[in-house]
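Subject: Structure handover

Hello,

Here is the structure I promised to pass on. Please open it alongside this email.

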Amino acid sequence: RGDDARDNGYWMFKHLSTEHMYVNQYYLIDKKSVDYGKVKKLGKVIKYKSLKHWLLYCAAEVRMTTHLAAFAPGNYIGEWFKHHKQKGVNVFLQHGITHNEFPSNYFEHNGSDLFVCGAKPEHDHISKKCNYPIENVVYTGFARFDGLHDLSVKNQILIMPSWRSYLYDLDKEKFTESTYAKHWMSLLKNTDFYNYCKANDIKVVFYPHYSIQQFIDVFKKLENDVIKIADFDHYDVQALLKESALLITDYSSILFDFAYMRKPQILYQFDENDFYGKHYKHSYFNHHIDGFGPVVAEEKLLIQRMPIDSKGQLVF
């Protein structure tokens with residue numbers, strides 16, 4: 001996105017910086033980013049949307065991105081180049097395993113020379129259904145999976161819901177009145193949930209999706225001695241994933257990262273019809289059949305399904 005160094009792009013850059021130092025590579029990031037110093041230590045960085053960004057974009061032999069055409073100096077330039085072949089190879093690293101239907105993932109809209117997949121069923125879907133030449137789709141796993149080892153797990157629940165495109169442009173008042181906000185706020189205010197976590201010394205971290213972080217203040221007022229509201233600038237997603245014993249999400253592809261670490265998860269899908277009617281479309285993956293944990297639609301059932309042992313510890 002140009003303002004962070006936490007996803008597959010960062011891990012790919014780190015790998016090349018340490019294992020293939022002969023590669024002349026640059027990382028695009030805004031100097032104001034909280035991650036700037038971290039990536040600067042590894043190698044060369046370029047200011048996002050600078051003149052040098054423009055020049056390197058045109059001259060590069062390989063361009064890698066986690067978000068479609070995010071390596072471009074501007075959205076319109078990126079869109080134009082997706083449909084007009086330029087010099088060099090475009091690699092789509094992705095920022096989550098594709099398990100919903102995205103029109104932008106089809107070759108005629110995406111145009112990537114290399115589409116990197118993190119799971120075999122995903123690879124089969126993209127290569128067979130999305131109109132790519134067979135050599136353009138590879139199943140390698142994600143670069144960021146390299147960081148999902150050496151775990152030090154706490155008695156902690158991570159709540160990390162996905163986003164909704166139809167909420168993105170709302171003002172704070174309308175967002176607060178949305179079904180999405182009301183359900184997650186209700187869970188965070190649930191006295192049974194709080195009391196259970198308090199009695200068993202379980203910490204809870206609520207980390208909204210990047211696109212929902214703009215409404216972080218709506219949730220901040222619900223912080224207490226058990227529940228922490230995590231913002232983008234002060235919390236790293238992968239660190240939270242590694243240290244948490246249980247994940248509560250809805251439809252987020254982050255569930256695959258958690259499953260990769262073989263830790264339990266619960267999917268809280270209170271708005272399935274809206275999500276697949278107004279946001280994404282169903283694809284090859286069915287959470288009820290193919291998922292890695294129970295799917296619940298009610299707050300009460302969510303609390304009941306938490307995997308707790310006789311000593312009150314989260315089981316993983």
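Below are my notes on charges, salt bridges, surface patches and a few backbone points.

Please keep in mind that this is a predicted model.

**Arg144 and its partners**

Start with Arg144. Arg144 sits in the loop that runs between strand S6 (137-139) and strand S7 (156-159). Is Arg144 buried or exposed? Its relative accessible area is 6%, so Arg144 is buried; the cut-off for buried is under 20%.

What does the side chain of Arg144 reach? One contact goes to the backbone oxygen of His95, at 3.0 Å. Arg144 also makes a salt bridge with the side chain of Asp257, at 2.7 Å from N to O. That pair links distant parts of the chain. Arg144 is in the loop between S6 and S7, while Asp257 is in helix H12. The two residues are 113 apart in sequence. Asp257 is buried because its relative accessibility is 2%.

**Other salt bridges**

How many salt bridges does the structure hold? The count is 12. Two further ones are worth a look in the viewer.

Lys172 pairs with Asp217, with 3.9 Å between the closest N and O atoms. Lys172 belongs to helix H7 (residues 172-176) and Asp217 to helix H10 (residues 216-220), so this bridge ties together parts that lie 45 residues apart in sequence. Lys172 has 43% relative accessibility and counts as partly exposed. Asp217 has 48% and is also classed as partly exposed.

Lys220 pairs with Glu223, and here the closest N and O atoms are 3.9 Å apart. Lys220 is partly exposed, at 28% relative accessible area. Glu223 is partly exposed too, at 34% relative accessibility.

There is also a network. Asp7, Arg144 and Asp257 are joined into one by salt bridges that share partners.

**Surface patches**

Which residues form the positive surface patch? They are Lys31, Lys32, Lys40 and Lys47. Take Lys32 as an example. Lys32 lies in the loop between strand S1 (26-28) and helix H2 (36-40). Its relative accessibility is 79%, so Lys32 counts as exposed.

A nonpolar patch on the surface is made by Leu51, Trp54 and Leu55. Together these residues have about 340 Å² of accessible area. Leu55 is part of helix H3. Leu55 is exposed because its relative accessible area is 54%, and the cut-off for exposed is over 50%.

**Positive phi angles**

Most residues other than glycine have a negative phi. Two residues here are worth checking against that.

- Lys49 is not a glycine, yet has a positive phi of about 70 degrees. Lys49 is in the loop between strand S2 (44-46) and helix H3 (51-59). With 51% relative accessibility, Lys49 counts as exposed.
- Arg262 is not a glycine either, and has a positive phi of about 60 degrees. Arg262 is in the loop between helix H12 (254-260) and strand S11 (265-268). With 76% relative accessibility, Arg262 counts as exposed.

**Two buried positions**

Where is Ile248? Ile248 is in strand S10 (residues 246-249). At 0% relative accessibility, Ile248 counts as buried. The C-alpha atoms of Ile248 and Ile266 are 4.9 Å apart in space. In sequence, Ile248 and Ile266 are 18 residues apart.

Leu188 is placed in helix H8 (residues 179-189). Leu188 is buried, with 3% relative accessible area. From Leu188 to Glu223 the C-alpha distance is 8.5 Å, with their positions 35 residues apart in sequence. Glu223 is the residue that forms the salt bridge with Lys220.

**Where to look**

For a quick tour, begin with the buried Arg144 and its salt bridge to Asp257. Then go to the patch of Lys31, Lys32, Lys40 and Lys47. Finish with the positive phi of Lys49 and that of Arg262.

Best wishes

Notes. Residues numbered from 1 in each chain as written. Predicted model: local features only at pLDDT ≥ 70, side-chain atom pairs only at ≥ 80, totals over all residues. Heavy atoms only, no water. Patch = residues over 30% accessible without salt bridge, like charges linked within 9 Å, V, L, I, M, F, W, Y side chains within 5 Å. Areas by Shrake-Rupley, 256 points an atom, 1.4 Å probe, with all protein chains shown as cover. Salt bridge = Lys/Arg side-chain N within 4 Å of Asp/Glu carboxyl O. Lys, Arg positive; Asp, Glu negative; His and termini not counted. Charge placed at Lys NZ, Arg CZ, Asp CG, Glu CD. Helix = DSSP H or I, 4+ residues; strand = E, 2+ residues; numbered from the N terminus. Buried < 20%, exposed > 50% of the residue type's maximum accessible area, 1.4 Å probe, protein only. Polar contact = N/O pair within 3.5 Å; in protein donor to acceptor, adjacent residues only side chain to side chain.
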